[in-house]
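Please open the model in your viewer and keep the selection tool at hand. The stops below go from sheets to helices and then to the spaces between them.

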Amino acid sequence: MNNEQINPRELLQQMFAAAVAAAQPGICIPRYMPQPPKGRLIVIGAGKASAAMARAVEDCWPSRLEGLVVTRYGYAVPCKHIEIVEAAHPVPDQAGETASRRMLELVSGLTADDLVLCLISGGGSSLLPLPAAGLSLEDKQAINRNLLKSGATISEMNCVRRHLSAIKGGRLAAACHPAKVVNLIISDVPGDNPADIASGPTVADRSTCSEALAILRRYAIDVPQRVIDLLESGAGESVKPGDPRLPQIKTHLIATPQMALEAAAKVAGNHGIACHILGDSIEGEARDVGKVMAGIALQVSRRAQPFQPPCVLLSGGETTVTVRGDGRGGRNVEFLLSLGIALQGEPGIYAIAGDTDGVDGSEEIAGAYLMPDTLARAWDQGIRPADSLARNDGHSFFRALGDSLITGPTLTNVNDFRAILITK
């Protein structure tokens with residue numbers, strides 16, 4: 001094939017779009033719909049994709065249903081029978097707490113003939129912020145902000161959230177008893193552990209209060225004494241496997257990061273370019289992952305090892321950012337900026353990194369593109385890439401160059417998408 005005919009940026013954009021499209025609820029939901037129950041069907045859910053999931057359920061459900069789901073502001077999709085509530089993410093607000101209480105009330109008093117269909121996707125942890133007894137929403141907000149800045153992994157953050165909650169960590173499922181529960185889940189976490197997706201409101205949890213307390217201490221998260229007391233006493237313990245209230249639960253992962261990466265790989269293959277998936281659950285500091293990926297890309301480009309160019313290196317997962325600066329950043333642009341600095345303008349290497357939900361960090365920007373001339377264009381504008389990285393200011397850096405990836409709400413979420421195209 002003639003590499004000169006390839007528009008690298010367009011190819012990378014097509015791959016990102018394919019990854020997002022593969023995780024759309026309208027495609028994934030129908031094949032997992034349960035049989036109608038003898039009694040009522042109650043639909044509940046939380047996450048950035050939950051409203052779109054609710055709409056997909058309504059489109060293929062043959063009879064009566066009712067329900068309530070909560071999604072991020074701007075992610076609502078009109079439904080006829082399922083109420084859609086919007087709340088804040090990533091730091092929770094009162095709307096989310098109120099919706100959480102209403103959801104627990106909705107599933108109370110059900111019978112064994114009833115069925116609860118639970119629609120869960122990434123972002124649900126912040127959208128279901130109902131505090132454990134003795135804690136306040138303000139406590140949850142402060143802890144959440146500090147966790148987001150700490151560099152803790154998503155699994156660690158969600159462990160803490162489960163043990164400070166009145167609805168997560170299996171508690172919502174327990175409230176549905178004795179009704180049957182079917183979970184339809186879009187995974188946004190490394191490893192696809194249902195207990196970590198939206199902090200597992202409708203699945204059993206093996207983690208403990210003592211683990212949550214150790215995480216808070218590990219990252220020096222300052223919390224009120226009442227939080228310490230809750231965890232030390234075990235009063236915040238989540239619902240464990242074998243709990244008699246959880247015998248009739250079925251869980252289906254209807255979309256995952258691996259599925260999205262495979263869809264993107266097909267796009268590259270259609271252009272005659274080999275695609276190599278390096279992992280769907282890569283974690284670590286975003287800037288460190290960027291350096292490692294740069295080393296691999298350079299070896300491919302200069303030595304044709306371990307892969308022959310042209311090729312694409314694909315990866316997913318969720319990196320972390322330990323915030324030290326005051327810039328406008330997110331983990332995907334942090335990764336990409338670090339990657340670019342390590343590559344130092346190496347010819348023939350292009351990249352894209354973005355969050356499949358359309359929001360990288362707290363910005364309404366999915367991510368960005370990296371070109372071989374990215375650093376040179378930045379220097380021409382008087383922008384020092386290393387300074388931008390030190391300030392955690394990736395969004396400002398790429399926006400100034402016109403290289404931001406802006407999608408708007410994608411109505412799904414299978415975590416981060418990273419593709420490095422090596423053309424020679």
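Two strands are taken to pair here if DSSP finds at least two bridges between them. With that criterion in mind, and remembering that this is a predicted model, begin by selecting residues 349–355, strand S9, together with residues 416–422, strand S12, which pair in the antiparallel sense over 7 bridges. Within this pair, Asp355 stands opposite Asp416 of S12.

**The mixed sheet**

Now extend the selection to the open sheet of 6 strands with mixed pairing, whose order is S7-S8-S12-S9-S10-S11. At its edges you will find strand S7, residues 274–282, and strand S11, residues 404–405, each of which pairs on one side only. Add helix H1, residues 8–22, which packs on this sheet and touches S7, S8 (311–317), S9, S10 (367–370), S11 and S12; the direction of H1 makes about 30 degrees with that of S9. Then add helix H12, residues 286–303, which also packs on the sheet, touching S7, S8, S9 and S12, with a direction at about 25 degrees to that of S12.

**The parallel sheet**

Next, hide that selection and show the open sheet of 6 strands with parallel pairing, which has the order S3-S2-S1-S4-S5-S6. Strand S3 (82–87) and strand S6 stand at the edges, and because each has a single partner strand, one side of each is left without a neighbour in the sheet. Direction ignored, neighbouring strands of this sheet are turned by 15 degrees against each other on average.

Focus on S5 and S6, which run parallel and are joined by 6 bridges; here Val182 stands opposite Lys250 in S6. Keep both of these residues displayed, as they return at a later stop.

**Helix H4 and Glu97**

Select helix H4, residues 94–106, which lies across strand S1 (41–46), strand S2 (66–72) and S3, running at about 160 degrees to S2. Is Glu97, a residue of this helix, buried or exposed? Glu97 has 8% relative accessibility and therefore counts as buried, the cut-off being under 20%. Leaving aside neighbours within four places in sequence, the contacts of Glu97 are with Pro129, Leu130, Pro131 and Leu137.

**Helix H6 and Leu147**

Move on to Leu147, which lies in helix H6. With a relative accessible area of 1%, Leu147 is buried. Which residues does Leu147 contact, once neighbours within four places in sequence are left aside? Select Ala152, Met157, Val160 and Ile221 to see them. As a distance check, draw a line from the C-alpha atom of Leu147 to that of Cys275: the two residues are 128 residues apart along the chain, and these atoms are separated by 35 Å.

**The pockets**

Turn to the largest pocket, which has a volume of about 880 Å³. A lining of 45 residues surrounds this pocket, and Pro90, Leu148, Arg331, Gly361 and Ser362 are those nearest its centre. Helices H5 (124–127), H6 (137–150), H7 (154–163) and H13 (331–343) each supply at least two residues of the lining. Colour the lining by class and you should find 12 nonpolar, 19 polar and 14 charged residues.

The second largest pocket, with about 250 Å³ of space, brings you back to the parallel sheet, since strand S5 (180–186) and strand S6 (249–255) each supply at least two residues of its lining. This pocket is lined by 18 residues, of which Pro34, Leu115, Lys180, Val182 and Lys250 lie nearest the centre. By class, its lining divides into 10 nonpolar, 3 polar and 5 charged residues.

**The largest cavity**

How many cavities of 30 Å³ or more does a search of the whole structure find? There are 4, and the largest cavity has a volume of about 90 Å³. Its lining includes Pro92, Ser125, Ser126, Pro129, Lys140 and Val160; Pro129 is among the contacts of Glu97, and Val160 is among those of Leu147. H5, H6 and H7 each supply at least two residues of this lining, with the largest share, 3 residues, coming from H6. Coloured by class, the cavity lining shows 5 nonpolar, 3 polar and 3 charged residues.

Terms used. Residues are numbered from 1 along each chain as its sequence is written. This is a predicted model: local features need pLDDT of at least 70, side-chain atom pairs count only at pLDDT 80 or more; totals for chains, interfaces and linings use all residues. Side-chain values use heavy atoms; hydrogens and water are left out. On a 1 Å grid over the protein atoms alone, a cavity is a set of points where a 1.4 Å probe fits but cannot get out, and a pocket is an open set with protein on both sides within 12 Å along at least five of seven lines; lining residues have an atom within 4 Å of a point. Grid points are joined across faces, edges and corners, and a volume is the space filled by probe spheres set on the points. Helices (H or I, at least four residues) and strands (E, at least two) are DSSP runs, numbered from the N terminus. Ala, Val, Leu, Ile, Met, Phe, Trp, Tyr, Cys and Pro count as nonpolar, Asp, Glu, Lys and Arg as charged, and the others, Gly among them, as polar. Buried means under 20% relative accessible area, exposed over 50%, partly exposed in between (1.4 Å probe, protein chains only). Contact means heavy atoms within 4.5 Å. Axes are lines fitted to C-alpha atoms, for helices over the stretch in contact, and angles run from 0 to 180 degrees between N-to-C directions.
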